[in-house]
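Visitor: I'd like to learn how to read ring contacts and empty space in a protein model. Can you walk me through it?

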Amino acid sequence: MMDYKKTVLALLAFFFCSVCVAQHPQVYVQDADKPAILQKIQNYPWAKESLEGIKKSVDKYVSIHEKDPQWIISRLAMYWKPGQHYTQCYINNETWDYGEGNAPVPTVRLPGMRTWNEYNNVPLEDRIPFNESGDMLGVSKKSPSYKPVLVSYKKSGHLIRGNNAEILNLAQRAAFVYWVTGDEKYARFATDIFNTWLIGTYYMEPPLDPSHRSGGPGGYAPGGIMGYYDYEQIHDNLCFEAVPTYDLLFGYLKAHPSEAMKAIGKPLETIAATVFKRFVEIGMVRGGNKGNWNVNGWDIMMPGILALETNSFYPDGKGREYYLKFYTDNTTKYHDALPDILRAYSPVTGLWGEAPGYGLGTIASVLEMALPIYKNGVNTIGSNPMIQKSTLAIIPWLDARGNMVLFGDMRGGPGNYTAFERLLTYFQWVGDTAGVARISAVIQQGIDAKQYDRGKDSWKGLCYNLATLKATKTIVPYARAAYSEVHRHITMKNGNDTTNGLMFTLYGGYHRNLHLSPNGLAMQLYGKGWALSPDAAGYESYWSDDYNYHQSATGSNTILPGYTAGAIKINAMEPAVDSGSFTSNKHISENVSFADVSAGEKRRMVAMVRTSATTGFYVDIFRSDLNDNDYLYHNLGNNLSFSNGDGSKLDFAPTTDLGNKYNKAYSYFRDVTKAPLDNDLKATWTITKTNPTISMDMWMLGAKSRELYNLIAPYTSNIYSVTPNKVNAVPDSTHAIIVRQTGSNAWKTPFVTVFEPYSGNDKSINTIKSLAASAGFNALQIESKPLNKDLQGRKETVLYGIDDSLHTILDMGFKGLFGVISEQKGGVVALYLGKGKLIGYGGYEIQSVSGKDISAGLVQSEGHWYYSADAAITIAMPRKGGLGVQYMSGGVFVKANSGMLPAGYDVEIRMDK
């Protein structure tokens, strides 16, 4: 009788829990969303293209599966060997050590090691079926044309996890195609993969780490960084990849249990919950509680959380709502919740305090989680305005092409347009029309620059993305200047189009903290839509030897030895960014901007000067208070040519005396040749893989005690979108130079350099000459070719002084840090005083009223004169009979009181009549 009652109660409990099962799918979409998605596919080319791309990515394997159902299953990395279907694995020194137990079915294989290696998996067709050893065929990332090699299990890097994640991802795409089309062949394919993975995981306990190298003992115990199926919880992504198949195919999976599942004797949702909860519960007490580890950890866990049933379904009361609260509200010892996550973003900049790839990646993860959470009844965006601010903070860190600025531990490449799509969808859901217009413009710019294609987005994008971008006249604003204090990073732009935009970055270094690097006081220059002198970022992994080249001063454009990391001091920058701001568009000149920064014994001034709508150049004046200095510069290009300032050839010879006393990673430079350098230097890097070609000309003022080293450096990047047509990307190399100055203090004799980017034969600079060069003052005159009407008789005189003295040269007067005098055929057309007290030439003069340093400018435009100044000034002009200066105020000209003009921007002036 007692047994009968227990049976009845068990059946009632099972019935009750079955009623509690949600209507799947529930994580990313619901069945109610399907009509709108189908309409999107039918009516909008990008959506149709997206679905066709998803189908194409799986069709070959689905066809194979129809003929041979074991083919795709055999490619899963499992413990296939009979008698060795391990149920418990042990790791030692972050490497798989051995396994115990024997499950009734093959169990999913644990990766062989924590660290990366140089290999990618071979195509699925070439992988070893029913691989009992775990040894993986790999293709070298450095030499992809080489034949595959067999990489042993314990040295297989991320090949095992990557293999299984790839196959699970194929399953989720096939599951989506089935959900949309109803074609059962896709369901069968996805079901066989999912069931094999689910049961093979169900029988496996979390790995144990007796040595505690992971920071804890493993198993279910808290502490350390290890996940359920990876050595780092933030990479523990198999559940992340498997959940969509479970959710989209729920009904089909219920109707088609595998024999192994039947043998367990439990319903699908119970078996799945057991596995999903392992990933979630282990993740919740592992990984990191701060930084990108915390956010990425939540991102990995979230699908498993949202796939669960409601709390009441489970005897322990731990369902979807229970776990979700720990993300939305309840911080623990092991993971910050969202409110504390968002406190890590700067209230000034909206940036995360790590390198761009990590900082901008975290907010993308927060947004990626936000939409499915919203569909499950919780709005994490509306109550947290920092999410919107941080998403938009990427814009000043995008170049004209839409690539992110590149520095620190990151690879570069396009900004995360998926994050913009998610924010756009949210704005549409909540009726924020202004937000829709603004983000539509951002996405459209990425499409126009060919950095983003909606038709290539994932199936989630097909579900979430709006059918059309809002047609809007909104233009994506670009900031002339941006400065992040925590990153020690300055960005300056002039124009934001891929053809004619100019941009440079200037930044300091960190001692391997915040994923930032000891890169020295470094500079990058842009042109023709590309970072033409980017930081090297092609390292294999954090543990590989080449990391020491790519993520140190040797991969940057700087001076060695000396300062590589530490605080920087901004001596001046214009446009200036206020202390409470990230960006500034309030500028003195449409054509000139500069930044002057000190760090340790180094001081560097970089200026950007536009000479016409299509031309411009950069000036780099770099001081180092050391007697021996190497000026190191890399640039994209498959050709590099040199000449002396007079056009004669340099006499290069092979050498072995470069040495590595300044940095051990000098050993990565090869094919080193050397030439004496007593004259001015001209060098040209040319990318011939583009049409037209793209070139960067470099002119350096000559000085005594210098030698020039011509170097072959490692490839710049392993992300092909970072460079035009993959030039200098893996497995290519990069042309670099070192100008070595020996026994001559580079504070007194700085490196003075002019750079010009251009396409084809459109080089605009005709001549460069030094007008003055002393320990505290330099003057350069750059004369342009008459390529267009704005360059007729165009000549810029660039003035830079650190001695606060009055300098007079060729009827020019200058007292200040930085200034530019611009002339055309008719005479002076602009004066620019970036920081200083006085600049004048040819009867035109700007002077500070207070006698203190100011920023001011005078410019002629279409026959009218305008001034800008951040403090009161006086202006002198050739009078032609006039007695004083008038300025526009309130729509009328007002006489300047005692010749004094108030602070203002773009204020028209004229002489008294």
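Guide: Let's start with the rings. This is a predicted model, and a search of the whole structure turns up 50 aromatic pairs. Take Tyr246 and Phe276: they meet edge-to-face, with 5.2 Å centre to centre and 85° between the planes.

Visitor: Which parts of the chain does that pair link?

Guide: Distant ones: Tyr246 belongs to helix H7 (residues 238-248) and Phe276 to helix H10 (residues 268-284), 30 residues apart.

Visitor: Is Tyr246 buried or exposed? And what about Phe276?

Guide: The cut-off for buried is under 20% relative accessible area. Tyr246 has 2%, so it is buried. Phe276 comes out at 1%, so it counts as buried too.

Visitor: Which residues form a cluster with these two?

Guide: One aromatic cluster takes in Phe194, Trp197, Tyr228, Tyr229, Tyr246, Phe250, Phe276 and Phe279.

Visitor: Where does a charge sit over a ring?

Guide: Look at Lys277, whose charged end is over the ring of Tyr314, 4.1 Å from its centre. Arg75 lies over the face of Trp71, at 4.0 Å from the ring centre.

Visitor: Now the empty space. How many cavities are there?

Guide: Rolling a probe the size of a water molecule over the atoms shows where empty space is left. Here the count is 10 cavities of 30 Å³ or more, and the largest holds about 110 Å³. It is lined by 15 residues, and those closest to its centre are Arg75, Arg127, Ile128, Asn131 and Met136.

Visitor: What is the make-up of that lining?

Guide: The lining of the largest cavity has 7 nonpolar, 4 polar and 4 charged residues. Strand S6 (136-140) and helix H5 (159-181) each supply at least two of them.

Conventions. Residues are numbered from 1 along each chain as its sequence is written. This is a predicted model: local features need pLDDT of at least 70, side-chain atom pairs count only at pLDDT 80 or more; totals for chains, interfaces and linings use all residues. Side-chain values use heavy atoms; hydrogens and water are left out. Rings of Phe, Tyr and Trp (its six-membered ring) pair if their centres lie within 6.5 Å; planes under 30 degrees apart count as stacked, over 60 as edge-to-face and the rest as tilted. Helices (H or I, at least four residues) and strands (E, at least two) are DSSP runs, numbered from the N terminus. Buried means under 20% relative accessible area, exposed over 50%, partly exposed in between (1.4 Å probe, protein chains only). A charge sits over a ring if NZ of Lys or CZ of Arg is within 6 Å of the ring centre and within 35 degrees of the ring normal. On a 1 Å grid over the protein atoms alone, a cavity is a set of points where a 1.4 Å probe fits but cannot get out, and a pocket is an open set with protein on both sides within 12 Å along at least five of seven lines; lining residues have an atom within 4 Å of a point. Grid points are joined across faces, edges and corners, and a volume is the space filled by probe spheres set on the points. Ala, Val, Leu, Ile, Met, Phe, Trp, Tyr, Cys and Pro count as nonpolar, Asp, Glu, Lys and Arg as charged, and the others, Gly among them, as polar.
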